Amino acid sequence: MIDILKSSELLISGDSGVRQIADFIGTNNIAIFGPTSEVKNLCNPVNHKRFVLRALKCNGYFYNKCFCEKINNNPKCILSVTPEMIYEKIRVALL
């Protein structure tokens, strides 16, 4: 996985261990956040681009607990991130 991340131009991921490894090894990434806190869950970028994407700040933000309304069993804080928002971050990241 690390070899794949090192050879990747960009990773798009939720706040996960894979994204944290990409951040640590310097792979450009777009981190999609829902109820988790980027303050707690991001390491400082050294030589890469990292973008945080969050559309709606969840009430359980700092405690990594989601109290958002559920739509089809999915939290509204995640569903509020649109493909257009992701595309715009991709455009900027690849410049």
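# Close-up views of a predicted model

**View 1. V81, a buried residue in a loop.** V81 is buried, since its relative accessible area is 11%, and the structure in which it sits is a predicted model. Although V81 is buried, its place is in the loop between α4 (76-79) and α5 (83-93). When neighbours within four places in sequence are left aside, V81 is in contact with I32, L53, A55 and I86. One of these partners, L53, is 28 residues away from V81 in sequence, yet the C-alpha atoms of the two lie 7.6 Å apart in space.

**View 2. The largest nonpolar core.** Which residues form the largest nonpolar core? This core has 6 residues, namely I30, I32, F51, L53, V81 and A93. The elements that give two or more residues to this core are β2 (29-32) and β3 (50-53). L53, again without its neighbours within four places in sequence, is in contact with I30, A31, I32, F33, V81, M85, I86 and K89.

**View 3. Strand β2 and its partner β1.** In a regular strand the side chains alternate between the two faces of the sheet. In β2, N29 and A31 point one way while I30 and I32 point the other way, and all of them are buried. Strand β1 (residues 11-14) runs parallel to β2 and is joined to it by 4 bridges. Within this pairing, L11 stands opposite N29 in β2.

**View 4. Salt bridges along two helices.** The structure holds 5 salt bridges, and two of them are shown in this view with their helices. R19 forms a salt bridge with D23, in which the closest N and O atoms are 3.3 Å apart. Because R19 and D23 are 4 residues apart in helix α2 (residues 17-25), about one helical turn separates them. R19 counts as buried at 0% relative accessibility, and D23 counts as buried at 2%. In helix α5, R91 and E88 are 3 residues apart and so are also separated by about one helical turn, and their closest N and O atoms, which form a salt bridge, are 3.2 Å apart. R91 is partly exposed, with a relative accessible area of 40%, and E88 is partly exposed at 35%. Salt bridges that share partners also join D15, R19, D23 and R50 into one network.

**View 5. The β4-β5 loop and a salt bridge between K76 and E69.** Most residues other than glycine have a negative phi, and this loop can be read with that in mind. N72 lies in the loop between β4 (70-71) and β5 (74-75), and its phi is positive, near 50 degrees. N73 has its place in the loop between β4 and β5, and it has a positive phi of about 70 degrees although it is not a glycine. Are these two residues buried or exposed? N72 counts as exposed at 72% relative accessibility, and N73 counts as exposed at 69%. The side chains of K76 and E69 meet in a salt bridge, with 3.9 Å from N to O. K76 is partly exposed, with a relative accessible area of 37%, and E69 is partly exposed at 49% relative accessibility.

**View 6. A nonpolar patch on the surface.** M1, I2 and V18 make a nonpolar surface patch of about 250 Å². M1 lies in the segment before α1 (2-7).

Notes: Residues are numbered from 1 along each chain as its sequence is written. This is a predicted model: local features need pLDDT of at least 70, side-chain atom pairs count only at pLDDT 80 or more; totals for chains, interfaces and linings use all residues. Side-chain values use heavy atoms; hydrogens and water are left out. Buried means under 20% relative accessible area, exposed over 50%, partly exposed in between (1.4 Å probe, protein chains only). A nonpolar core is a set of buried Ala, Val, Leu, Ile, Met, Phe, Trp, Tyr and Cys residues joined through side-chain atoms within 4.5 Å. Contact means heavy atoms within 4.5 Å. Patches are made of residues with over 30% relative accessible area and no salt bridge: like charges are joined within 9 Å, nonpolar side chains (Val, Leu, Ile, Met, Phe, Trp, Tyr) within 5 Å. Accessible areas come from the Shrake-Rupley method with a 1.4 Å probe; for residues, only the protein chains shown count as cover. A salt bridge is a side-chain nitrogen of Lys or Arg within 4 Å of a carboxyl oxygen of Asp or Glu. Two strands pair if DSSP finds at least two bridges between them.
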